[in-house]
Amino acid sequence: MSDTLEKPPAPASEYSWWLPRHPKSAGFARRLLRTFLAKQPGGEPFRDTGELVLGELVANAVLHARTPPGRLIFIRFDLHPASLRIEVHDADSAPPPAPRPAHPDDQTGRGLWLVSQLASDWGCSPRPGGIGKVVWARLDGGAR
């Protein structure tokens with residue numbers, strides 16, 4: 001018997017990663033999702049929409065989560081044959097703002113509206129077993 005405890009491997013259909021709250025994290029998260037989906041049977045149809053939705057959710061966590069310095073963002077993907085679930089966890093318990101169409105001159109403010117238009121379902125809930133929230137989106141049937 002081993003003296004060390006090992007974390008059981010995650011199911012092949014799941015992937016998670018911790019990211020810093022940094023402007024470059026959205027791009028890194030998109031690359032992680034692209035790599036994950038490329039290795040999954042049936043993952044390719046979710047790539048473009050998944051990258052857009054994930055990028056918007058990570059950007060929201062980076063720009064708007066009010067958290068102490070050093071807090072990280074946790075991302076998780078879960079692929080099933082007919083759907084992809086994307087989660088972005090942050091340490092701010094406040095829910096995200098309601099999605100709204102932005103004025104053409106606005107520089108920001110379209111992210112959650114885009115998520116609401118592209119995802120089959122999406123929402124926000126408290127993080128299980130911890131502080132903060134998880135904003136999630138479900139994409140059904142591949143690209144929309």
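Good morning. I begin with one residue, Phe 36, which is buried with a relative accessible area of 6%. Before going further, I should state that this is a predicted model, and the values I quote are computed from it.

Where does Phe 36 lie, and what does its ring meet? Phe 36 lies in helix H1 and Phe 77 in strand S2, so their pair ties together parts that are 41 residues apart in sequence. The two rings form a tilted aromatic pair, with 5.7 Å from centre to centre and 40° between the planes. Phe 77 is buried as well, because its relative accessible area is 0%, and buried means under 20%. Both residues also belong to a cluster in which ring pairs link Tyr 15, Trp 17, Phe 28, Phe 36 and Phe 77.

For those new to such descriptions, a pair of aromatic rings is described by the distance of the centres and the angle of the planes. The count of aromatic pairs in this model comes to six. One of them joins Trp 18 and Phe 74: their ring centres are 4.8 Å apart and their planes stand at 50°, so this pair is tilted. Trp 18 is in strand S1 and Phe 74 in strand S2, 56 residues apart, and the pair therefore links distant parts of the chain. Are these two residues buried or exposed? Trp 18 counts as partly exposed, at 46% relative accessibility, whereas Phe 74 is buried, at 15%.

Let us turn to the sheet. Five strands make up an open sheet in the order S1-S2-S3-S5-S4, with antiparallel pairing. Which strands stand at the edges? They are S1, residues 14–20, and S4; each has a single partner strand, so one side of each is left without a neighbour in the sheet. On average, neighbouring strands of the sheet are turned by 15° against each other, direction ignored.

Strand S5, residues 133–140, deserves a closer look. This strand is mostly covered, with six of its eight residues buried. What joins S5 to strand S3, residues 83–90? Eight bridges do, and the two strands run antiparallel. Across this pairing, Glu 87 has Trp 136 as its bridge partner, and Val 88 has Val 135. To strand S4, residues 121–126, S5 is joined by six bridges, again in antiparallel fashion. Here the bridge partner of Trp 122 is Ala 137. The hairpin of S4 and S5 has six residues between the strands, and in this hairpin Gly 129 takes a positive phi near 70°.

Asp 140 lies in S5. At 30% relative accessibility, Asp 140 counts as partly exposed. Leaving out residues up to four places away in sequence, Asp 140 touches Phe 46, Ala 82, Ser 83 and Ser 120. Asp 140 and Asp 121 are 19 residues apart in sequence, and their C-alpha atoms are 8.7 Å apart in space.

Next comes helix H2. Its 18 residues reach 25 Å from the first C-alpha to the last, close to the 26 Å expected at 1.5 Å a residue. H2 lies across S2, S3 and S5, and runs at about 10° to S3. Which elements do the buried residues of H2 pack against? They pack against H1, S2, S3, H3 and S5. Among the buried residues of this helix are Val 53, Leu 54, Leu 57 and Val 58. As a general point, an α-helix has 3.6 residues a turn, so residues three or four places apart point the same way.

One buried residue of H2 is charged in name: Glu 51 is found in this helix. Its relative accessible area is 12%, and Glu 51 is therefore buried. Beyond residues up to four places away in sequence, Glu 51 touches Arg 30, Leu 33, Arg 34 and Phe 46.Finally, I come to the core. In soluble globular proteins, nonpolar side chains tend to be buried together. The largest nonpolar core here has 28 residues, of which Leu 54, Leu 57, Ile 75 and Leu 84 touch the most other members. Helices H1, H2 and H3 and strands S2, S3 and S5 each give two or more residues to this core. What does Leu 54 contact, leaving aside its neighbours within four places in sequence? Its contacts are Ala 29, Arg 30, Leu 33, Ile 75, Phe 77, Ile 86 and Val 88. With Phe 77 in that list, we return to the ring partner of Phe 36. Thank you.

Technical notes:
Residues numbered from 1 in each chain as written. Predicted model: local features only at pLDDT ≥ 70, side-chain atom pairs only at ≥ 80, totals over all residues. Heavy atoms only, no water. Buried < 20%, exposed > 50% of the residue type's maximum accessible area, 1.4 Å probe, protein only. Helix = DSSP H or I, 4+ residues; strand = E, 2+ residues; numbered from the N terminus. Pairing = 2+ DSSP bridges. Core = buried A, V, L, I, M, F, W, Y, C linked by side-chain atoms within 4.5 Å. Contact = heavy atoms within 4.5 Å. Expected span 1.5 Å × (residues − 1). Axes fitted to C-alpha atoms, helices over the stretch in contact; angles between N-to-C directions. Phe/Tyr/Trp six-rings, centres within 6.5 Å; stacked < 30°, edge-to-face > 60°.
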